[in-house]
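The exercises below are meant to be worked with the sequence and the coordinates side by side. Please try each task before reading the solution that follows it.

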Amino acid sequence: MNERHIIIDSVDPVIFYGVNNSNIQLIRNLFPKLRMAARGSVITVIGDDHDTAEFEKKIKELEEFCSKYNMLTEEVIIDIMKGTPPPELKVDGAIIYGVNGKPITARTPNQQLLVKTFGENDLTFALGPAGTGKTYLAVALAVRALKNREARKIILSRPAVEAGEKLGFLPGDMREKIDPYLQPLYDALEDMIPHAKLHEYMDSDVIQIAPLAFMRGRTLNDAIIVLDEAQNTTIHQIKMFLTRLGMGSKMIVTGDITQIDLPRTTTSGLIHALKVLRGVKGIGTVEFEKKDIVRHALVQRIVEAYERHDEEEKRTNSAQQGSHED
């Protein structure tokens with residue numbers, strides 16, 4: 001008799017084992033000669049050497065499928081155990097498959113351009129209005145690189161600037177105070193990585209989410225680094241952040257230059273960086289438009305209404321200045 005310990009560390013055990021361990025029970029029924037037990041990320045199997053070796057091979061095939069699609073069904077288990085390749089869940093433009101196998105895709109031409117630009121450059125700027133999927137897509141590209149072992153970690157950051165609100169008196173420790181600023185990044189990750197696996201990544205610092213101030217003094221190697229809401233950085237802050245780029249790393253900087261929450265006397269670091277870095281080799285820029293908005297249809301109409309209002313105000317102010325000069 002032989003005992004093997006099989007580690008399934010690339011998937012969420014909750015998904016792999018199934019509701020009430022239904023997947024493990026099915027696997028057990030398909031290998032009646034073996035005795036097995038599953039705990040955490042380790043499956044222990046006892047039996048004939050040939051049978052346990054075949055069992056490990058099949059479990060690794062199941063793990064590969066589950067890791068790619070974040071799901072594991074009875075049909076897939078039976079196909080793999082019988083030696084039949086499971087059907088490919090191909091979706092055009094899929095970057096990764098999120099929780100429950102949901103395909104996360106580049107849905108517009110500019111989103112597709114961002115995927116291409118990210119592949120061709122070490123630093124990519126993604127600019128455009130709210131709802132165009134800049135942050136969500138940037139996180140998806142980072143998760144894909146981690147899954148494909150193209151990077152060892154993901155680092156996500158935002159400047160801690162309030163959008164017209166004062167949050168300085170929030171209760172709690174440092175993490176509890178900064179979490180409201182970083183919630184959009186958590187939201188995106190929770191869509192893409194199963195709950196238990198996400199917590200494991202964060203506890204082991206494979207995925208790090210921190211405000212911009214925490215980047216000082218670091219050199220970020222073998223990582224995908226995302227700076228969100230970069231329009232709210234100062235010139236000094238964004239320069240500090242961009243120079244953290246280390247060997248084997250890539251960086252995506254997202255922002256909307258129409259939604260700057262800095263004091264009026266402070267120049268946006270994003271606007272300044274775009275001017276300074278124009279034409280530098282290895283840097284790509286993708287500009288999203290209103291037609292790229294992929295939220296509720298009303299969001300696009302809201303953006304357009306505010307743009308019309310801003311234009312009318314500019315014309316009114318110009319007319320008033322002209323009449324004063326006369």
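**Exercise 1.** Which residue in E5 stands opposite Tyr97? Describe the pairing of the two strands and the turn that joins them.

*Solution.* Note at the outset that the model is a predicted one. Begin with the two strands: E4 covers residues 94-97 and E5 covers residues 103-105, and the two run antiparallel, joined by three bridges. Within this pairing, Tyr97 lies opposite Pro103. Next, turn to the connection, where five residues separate E4 from E5 in a hairpin, and where Asn100 in the turn has a positive phi of about 65°.

**Exercise 2.** Is Ser249 buried or exposed? Determine its burial, its location and the atoms that its side chain reaches.

*Solution.* First locate the residue: Ser249 belongs to the loop between helix H9 (235-242) and strand E10 (250-255). Its relative accessibility is 5%, and because buried means under 20%, Ser249 counts as buried. Then follow the side chain of Ser249, which reaches the backbone nitrogen of Asp222 at 3.0 Å and the backbone nitrogen of Ala223 at 2.9 Å. Finally, list the surroundings: if residues up to four places away in sequence are set aside, Ser249 touches Asp122, Leu220, Asn221, Asp222, Ala223 and Ile225.

**Exercise 3.** Which residues are in contact with Thr124, and which with Val139, once neighbours within four places in sequence are left aside?

*Solution.* Take Thr124 in strand E6 (residues 123-127) to begin with; at 0% relative accessibility, Thr124 counts as buried. Its contacts, apart from those sequence neighbours, are Leu114, Thr117, Phe118, Met251, Ile252, Val253 and Gly284. Continue with Val139, which is found in helix H6 (residues 134-147) and counts as buried at 1% relative accessibility. Apart from its own neighbours within four places, Val139 is in contact with Leu156, Leu185, Ala188, Leu189 and Met192.

**Exercise 4.** How many residues apart are Glu229 and Arg158, the pair that links distant parts of the chain? Contrast their salt bridge with those of Lys57 and of Glu200.

*Solution.* Start with Glu229 and Arg158, which form a salt bridge whose closest N and O atoms are 3.0 Å apart. This pair links distant parts of the chain, since Glu229 sits in the loop between strand E9 (223-227) and H9, whereas Arg158 sits in strand E7 (residues 153-158), 71 residues apart. Glu229 is partly exposed at 25% relative accessibility, while Arg158 counts as buried at 13%.

Now consider Lys57 and Glu61, whose closest N and O atoms are likewise 3.0 Å apart in a salt bridge. These two lie four residues apart in helix H3 (residues 49-69), so that about one helical turn separates them. Lys57 is partly exposed at 45%, and Glu61 is partly exposed at 28%.

For Glu200 and Lys197, the closest N and O atoms of the salt bridge are 3.2 Å apart. Both residues lie in helix H8 (residues 195-203), three residues apart and thus separated by about one helical turn. Here Glu200 is partly exposed, with a relative accessible area of 42%, but Lys197 is buried, at 5%.

**Exercise 5.** Which residues form a nonpolar patch on the surface?

*Solution.* The patch consists of Leu298, Ile302 and Tyr306, with about 310 Å² of accessible area together. To examine one member, place Ile302 in helix H11 (residues 297-325), and then note that Ile302 is partly exposed, with a relative accessible area of 41%.

Key: Residues numbered from 1 in each chain as written. Predicted model: local features only at pLDDT ≥ 70, side-chain atom pairs only at ≥ 80, totals over all residues. Heavy atoms only, no water. Pairing = 2+ DSSP bridges. Patch = residues over 30% accessible without salt bridge, like charges linked within 9 Å, V, L, I, M, F, W, Y side chains within 5 Å. Areas by Shrake-Rupley, 256 points an atom, 1.4 Å probe, with all protein chains shown as cover. Salt bridge = Lys/Arg side-chain N within 4 Å of Asp/Glu carboxyl O. Buried < 20%, exposed > 50% of the residue type's maximum accessible area, 1.4 Å probe, protein only. Polar contact = N/O pair within 3.5 Å; in protein donor to acceptor, adjacent residues only side chain to side chain. Contact = heavy atoms within 4.5 Å.
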